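Trainee: I'd love to take a close look at one single part of this protein. Could you pick a spot and walk me around it, step by step?

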Amino acid sequence: MGKSEKKHGKGRLDHYYRLAKEKGYRARSSFKIVQINQKFGHFLEKSKVVIDLCAAPGSWCQVASQLCPVSSLIIGVDLAAIKPLPNVITFVSDITTEHCRAQLRQHMKTWKADTVMHDGAPNVGMAWAQDAFTQSELVLQSLKLAVEFLTQGGTFVTKVFRSKDYNNLMWVFQQFFDKVEATKPPSSRNVSAEIFVVCRGFKAPKKIDPRLLDPKSVFEELADETPNYEDKVFNPEKKKRKRDGYTEGDYTLYHTVTAMEFIKTDDPISILGSKNKIIFDEKVETELKPVKKLPQTTDEILECFLDLKVLGKKDFRHILKWRLAARELLKVTGADDEDDKDEVEVEPIDEEEQIEKELSSLQEKEKAKKKREKRRANERKQKEIERMQMNMTTPMDIGIDAGQQEQSLFNLKVAERSGKLNSLTKGKKAMVFDNDPGELDNEGESDYDTDNADEDLEAELDNMYNAYKERRNERDAEFKAKKLREANDNEWYGITDTNHEGSDYDNEEYINGDDNDVSSDDEDDDESINKLISTLEKKTKEGHLSRKAAVFFNDPIFDGLDDTVIESKPKIEEIVSEAEEEVEEKTHNGFESSDEEDESNKDFEVVPNDGNSWDSEDEDNKGSNIDIVTAEAMTLAHSIALKQKSKHDIIDEGYNRTSFRDRDGLPDWFIEDEDRHSKFSKPITKEAVETIKAKLKAFNDRPIKKVAEAQARKKYKASQRLEKLKKKSDLINEDDGRSEKEKASDIQKLLRKATKKKERPKVTVVAARGFNRGVSGRPKGVKGRYKMVDGTMKKEQRSLKRIKKKMS
Ligand SMILES: C[S@@+](CC[C@H](N)C(=O)[O-])C[C@H]1O[C@@H](n2cnc3c(N)ncnc32)[C@H](O)[C@@H]1O
């Protein structure tokens, strides 16, 4: 790297590459250190001094400067120049040279590094074997610098390649650090042989054997001398490292048994199969003296005792005979005595067979034990993968790393072939594992295709995400209907809202109107929307603004604005529609969370806030110009009204880091999440909040629709009555045949009649009781209007009236 290489082909499609671009990192490899840091306890957040060896173009330095505490010292070095980075010191040098060391010393002064990172790769082009070797050398060089500059307890992260030097390197790391772990972060391509080794807890030894950092010793000699070398250099008293499959406390392959134990045992064959040597214990020397004198105790048999592992059947037979003789002499009796005797003396051939049998059964047992362990490991992995599918953990946590990459237990290819992937796609959490561990056998039978596994997994996650969206959309028919109305609306007004690109509601199913609810809703709305068009069209045409923006500018705070500000309306329009979308999203998110949190809630109809109150295009609110916008939009409105912002300022503010996102090839869930959560938040003012509050208050104080209608009807009827009265009195006035006195009295009569309250016909309340209850038809003896009531209810109402009277 170092040079600004152009990526093309497959590399360009890589989503870490795009994510890096999005986040402003200089290379996709930045995610490797991000993921390593996450997996290994966020060591960068605790590092005040970081050295990045082989740092060009500098993406690891970028990550470090973002994650390390403020004013940390970050030094990056590479053969290639690193473009300047804020808070990072960089210089050009070869990390294998004295010059680099001197430079580092100069920058570090008396400080010690908390973390040394190394992502070096020699410039490739040579043969693979050569490359791997120089890489390993580079690693050792970086370790050398780490050992010199790290503080006690510090962390060293290095890239190594899978090669024959790998184990030697790991061993050397272990000499310097308390914990050494290999990992392969998900962002590291599977096709790459690179592995990252994270060494934590630097031991800071006072004396260091130079051979530990000498490539010649490490890669050639150490391979053979490992055990002695380790003991000699650091821990002479430390025993050999415990490996898998050894019983607790048993650290050796070499096992001995005393002659007395062997004589007394009831199971001599298992001893002969599992031990290396029979020794004569000094403590029981006197006891064994007569045994030593036995004719069977020949030099040959004593020689055989020294190394049981190299003996043949014949030797075993002699040893067993010797044991029987010794038991006889020492008068040891046991369950196997008779059998042994018989077998040894009478049927030596059977005894051989038995030895063989016993030995092979021991081997079988060993095999079965290994198989059991393997199966248990598989089961553990299965559980972890299930957890991952349920988003409870990440692939990193499962530890698909280092060696496990090759021996992956989780094989999508196998699943695909067996058809299990299909059921997985349908949402059933079928596992890739089979009860038969053979399918997943680590030893070569599994054909895990590391090239495509990531892609398959991603495709799988995409499918699951789409299925989730479909389910959600189905449940959300109301919301879809609203979106469809909006789409129609926008079409009529020529609005193409690019922000909806790729949103849930933009999918084909939705556009085609598969959903019956949606299409019927659509038809119902046609009429009302058409009515709206005529009234709103005027506004829109006048100001060349969208309906939303026109309504927004209707607010009195814009009265008397000059043309310069009005010119910026299109930009404001954008902001307003953005703000409205936000409100909508929030409303919709409310749906989502209720859906997700409690499946049992699905029987309840959730009434979105944007129904009657928020949506000005709703019939109930037709003609109302109360359009609630967000505090951000209102802040903008205020600043325009008060002329605090020029047209230029407003347009300028419209450009921010979220304006031009290159999101091709990114997963849908990511884009949707970004749209939802990664937004540029504009500052809001107290005044704007107050204005919105006041608007809401006025809005909430309105009488409900039916009351308002009744009041309007009453007013209308009263005005009609008045009109009638006026006409009648005019006629009386125009009658010349009557005196003025007569006219006045006639008009007075008219007025009295008009103002006289009509007496309501009396309603008789009949309490239904006894046989009357539930019987239809007029009760006996009741004339005129009547109302049947329940006796108990009548009593209750009376007492309620009484209480009310008392209270007032
Ligand atoms: C994979 S790149 C490092 C990328 C870096 N971690 C990042 O994320 O930006 C490997 C770098 O190792 C550098 N390199 C190789 N040999 C080197 C050496 N002997 N001394 C210093 N840098 C070296 C190369 O110049 C190259 O820039």
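Mentor: What follows is a walk that begins at one residue and moves outward through its partners. This is a predicted model, in which local features need pLDDT of at least 70, side-chain atom pairs count only at pLDDT 80 or more, and totals for chains, interfaces and linings use all residues. Residues are numbered from 1 along each chain as its sequence is written, and side-chain values use heavy atoms, with hydrogens and water left out.

Let's start at K159, which UniProt lists for "active site" in an unreviewed entry. UniProt positions are given in the numbering used here, feature names are shortened, and such annotations may be inferred rather than shown by experiment. Find strand β5 in the picture, since K159 sits there. (Helices are DSSP runs of H or I with at least four residues, strands are runs of E with at least two, and both are numbered from the N terminus.) Is K159 buried or exposed? K159 is buried, with a relative accessible area of 7%; buried means under 20%, exposed over 50%, and partly exposed in between, using a 1.4 Å probe and protein chains only.

Which residues does K159 touch, leaving out those up to four places away in sequence? The list is H118, D119, G120, A121, Q135, V139, E194, I195 and F196. A contact here means heavy atoms within 4.5 Å. Keep E194 and F196 from that list in mind, as each one opens a path to follow.

Take the E194 path. The side chains of E194 and K32 meet in a salt bridge, with N and O 2.9 Å apart; the term covers a side-chain nitrogen of Lys or Arg within 4 Å of a carboxyl oxygen of Asp or Glu. E194 belongs to strand β7 (residues 194-202) and K32 to helix α3 (residues 30-39), so this pair ties together parts that are 162 residues apart in sequence. Both ends are out of view: E194 is buried at 5% relative accessible area, and K32 is buried at 9%.

For a contrast, look at the salt bridge between the side chains of R105 and E148, 3.0 Å from N to O. R105 lies in helix α5 (residues 98-108) and E148 in helix α6 (residues 128-149), so that pair ties together parts that are 43 residues apart in sequence. Here the ends are partly exposed, with 39% relative accessibility for R105 and 21% for E148. Another example is R738 with D735, where the closest N and O atoms are 3.1 Å apart. R738 is partly exposed at 32%, and D735 is partly exposed at 31%. Back at our starting point, salt bridges that share partners join K32, D119, K159 and E194 into one network. A search of the whole structure finds 13 salt bridges.

Now for the F196 path, which brings in aromatic rings. The whole model has 7 aromatic pairs, counting rings of Phe, Tyr and Trp (its six-membered ring) whose centres lie within 6.5 Å; planes under 30 degrees apart are stacked, over 60 edge-to-face and the rest tilted. One of them joins W60 and F196 as a tilted pair, 5.9 Å centre to centre with 40° between the planes. W60 lies in helix α4 (residues 59-67) and F196 in strand β7, so the two rings tie together parts that are 136 residues apart in sequence. W60 and F196 are both buried.

F156 and F173 form a pair that is edge-to-face, with 6.0 Å between centres and 70° between planes. Since F156 lies in strand β5 (residues 150-161) and F173 in helix α7 (residues 166-176), the pair ties together parts that are 17 residues apart in sequence. Both of these rings are buried. Together with F177 and F202, the residues F156 and F173 form one aromatic cluster.

One last stop is S142, in helix α6. How accessible is S142? Its relative accessibility is 0%, so S142 counts as buried. Leaving out residues up to four places away in sequence, S142 touches L53, I95, H118, F156 and T158. Look for two familiar names there: H118 also touches K159, and F156 belongs to the aromatic cluster.
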